[in-house]
Amino acid sequence: MGSNLIDALFVFMLAAFIGFEVIRHVSPLLHTPLMSLTNALDAIAVVGAIVLVGEKKSTFATVLGVIAIVAATSNVVGGFFITDRMLRMFKTSRPTKPQLTKP
Amino acid sequence: MTEFAGSQYLIEIVYLIASALFILSLKWMSSPATARHGILAGEIGMVLAIGGTLLHHGIVDYKWIIIALVLGTGIGIPLGMVQMTAVPQRTALSHAFGALCVTLVGTAEFYLRSPNVPKFMMSVLSMEVILGGLTFTGSLMAAGKLQEILPQRPITYKGQNLVNLLLFCVAVGSSVYLVLHPEAKVFFPIIVGVSLIFGVLLVIPIGGADMPTVISLLNSYAGLSAAAMGFVINSKLLIIAGALDGSSGLILSIIMSKAMNRSFANVLFGAFGQVHASAAAGQEAKPVRSATAEEAAAILSAANKVVIVPGYGMAVAQAQHKVRELYDALTKKGVEVRFAIHPVAGRMPGHMNVLLAEADIPYDRLIEMDEINGDFPQTDVALIIGANDVTNPAARTDQSSPIFGMPILDVDKAHTVMVIKRSMSPGFAGIDNPLYYLENTLMLFGDAKQFVGAIVRELGGGH
């Protein structure tokens with residue numbers, strides 16, 4: 001348990017730094033899709049809820065777990081779906097309208 | 001036994017791959033050219049992780065898992081299909097869902113383990129439900145305000161900050177007690193209940209103009225609560241996803257607060273709108289110059305360089321498609337049209353970019369504030385559509401203004417400024433805008449969508 005905890009803290013620290021470095025470079029253009037994407041990724045919490053429901057340890061835990069799976073799955077599906085819709089809309093003028101490329 | 005251990009290793013390897021894919025997903029998000037690969041990476045990671053989890057040896061019954069997954073998918077699809085103008089409230093709602101999941105799992109874990117909860121486990125468990133609880137109700141409030149089910153004006157009362165601080169202390173105090181005395185189960189519902197109330201009270205005093213910062217902050221909390229859940233259930237994948245989301249939300253909050261020249265504390269405890277209402281009351285009718293759509297069209301077609309400044313008003317009027325027609329009409333006449341995007345224009349980070357992209361305006365025409373501000377003196381016409389505070393020159397000059405020091409778009413330096421606005425009434429934040437009384441400013445009174453449509457008709461009629 002003790003060493004698990006320390007490992008987990010190291011993982012958290014490293015992931016937080018990677019997050020800062022990677023996301024610092026995201027163009028402000030894409031801040032909205034970035035937020036819906038991180039939201040979808042965050043819904044990976046669904047794995048905890050799945051185990052909770054599957055283990056069937058108590059009715060109370062199963063009920064809470066089912067609601068949790070529903071909430072998180074809707075984030076996964078909705079989040080990826082809308083992020084993709086948004087990104088499909090971002091088009092540059094360069095390939096389609098070469099006459100606009102004057103400086 | 002060895003078989004179990006084997007499948008456990010397999011699951012961990014799958015989680016490892018999923019973690020790498022999540023990081024790649026965010027990395028590819030940095031540019032529009034690679035962003036869609038990012039989604040694919042994220043989706044593959046997610047499917048792998050969920051698939052791997054289903055192999056977990058502790059799972060004895062799949063019925064409810066399948067039912068819940070199907071139900072969640074059923075809710076998720078319509079949530080992914082909302083209008084682009086509704087994206088801010090959808091985002092707030094999904095923060096609420098994420099936080100709900102985390103809070104419920106945390107609650108279930110507590111009652112399954114109690115009273116044998118080790119001290120560290122209890123600390124992160126408290127953190128999980130406090131952050132999850134306040135993010136859940138706070139995000140619901142934010143979504144309600146954005147959807148205009150709830151009043152958008154900040155709601156304030158005397159001693160508000162004291163009440164909030166007190167509630168927070170109760171939540172933290174109960175957690176500390178529970179860490180030391182894990183058998184005192186009664187404190188757990190207190191922690192959850194107080195966090196839920198705290199979330200409501202935290203968001204009610206926040207006005208619409210501050211929503212970009214608040215949504216980012218709630219995004220960060222949702223991530224941190226998920227990371228805390230990762231500690232509780234000992235899932236490194238969840239710790240990584242939560243840390244990525246947490247740092248993403250934090251970076252966005254920092255960018256948003258900087259763009260408003262305010263601190264987090266000020267956003268959360270400042271109750272912005274109230275101050276302005278009184279500040280604006282003293283200002284009375286000063287002369288302004290107004291123009292018709294015909295005159296505006298003549299000025300625009302005579303220009304070489306036009307910068308359009310969109311704001312929340314454009315989103316409310318759903319004017320982005322008419323703006324696209326205006327862009328086309330002017331481009332056809334050889335006018336160089338660009339869009340100036342203030343970081344906090346709209347109701348969430350990047351809101352304007354998404355709306356204009358929806359209207360098929362190429363993203364290389366959307367220019368950030370720092371890049372375009374130097375160009376305003378060489379700009380013939382700055383056309384402001386539904387933006388107010390982000391163009392207010394008082395932020396540069398008037399020390400008594402509530403927005404003094406906030407970085408703004410220097411539209412007043414353009415040769416001609418045109419402002420499409422419904423009336424002279426001050427904007428949402430209630431601050432008077434001296435821009436409207438300048439010599440070079442023309443007010444175009446009317447609904448943004450109709451007025452832009454009228455200009456487009458005039459431009460088309462000329463040729």
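How far apart do the C-alpha centres of domain 1 of chain B and domain 2 of chain B lie? They lie 36 Å apart. This is a predicted model.

**Chain B**

Start with the overall form. Chain B holds 18 helices and 6 strands. Its C-alpha atoms fill a box of roughly 80 × 50 × 35 Å along the principal axes. Of its 463 residues, 54% count as buried. Take the contacts in chain B with a separation of 6 or more: residues 24 or more positions apart account for 80% of them.

The domain assignment splits out domain 1 (82-274) and domain 2 (285-462) of chain B. Where they touch, domain 1 of chain B gives 21 residues and domain 2 of chain B gives 19 residues. On the domain 1 side, α4 (87-113), α8 (211-232), α9 (236-259) and α11 (272-281) of chain B each supply at least two residues. That side divides into 14 nonpolar, 7 polar and no charged residues.

**Chain A against chain B**

The two chains also meet. Here 80 residues of chain A are in contact with 97 residues of chain B. Five helical elements of chain A give two or more residues to this side: α1 (2-24), α2 (31-42), α3 (46-55), α4 (59-89) and α5 (93-96). The largest share, 27 residues, comes from α4(A).

The table sets out the residue classes on the two sides described.

| Side | Nonpolar | Polar | Charged |
|---|---|---|---|
| Chain A, touching chain B | 50 residues | 22 residues | 8 residues |
| Domain 1 of chain B, touching domain 2 of chain B | 14 residues | 7 residues | no residues |

Terms used: Residues are numbered from 1 along each chain as its sequence is written. Chains are lettered from A and ligands numbered from 1 in the order in which they are written. This is a predicted model: local features need pLDDT of at least 70, side-chain atom pairs count only at pLDDT 80 or more; totals for chains, interfaces and linings use all residues. Two residues are in contact if their C-beta atoms, placed from the backbone, lie within 7 Å. Helices (H or I, at least four residues) and strands (E, at least two) are DSSP runs, numbered from the N terminus. Ala, Val, Leu, Ile, Met, Phe, Trp, Tyr, Cys and Pro count as nonpolar, Asp, Glu, Lys and Arg as charged, and the others, Gly among them, as polar. Domain bounds come from an automatic or database domain assignment. A residue is buried if 20 or more other C-beta atoms lie within 10 Å of its own, exposed if 12 or fewer, and partly exposed in between; C-beta atoms are placed from the backbone.
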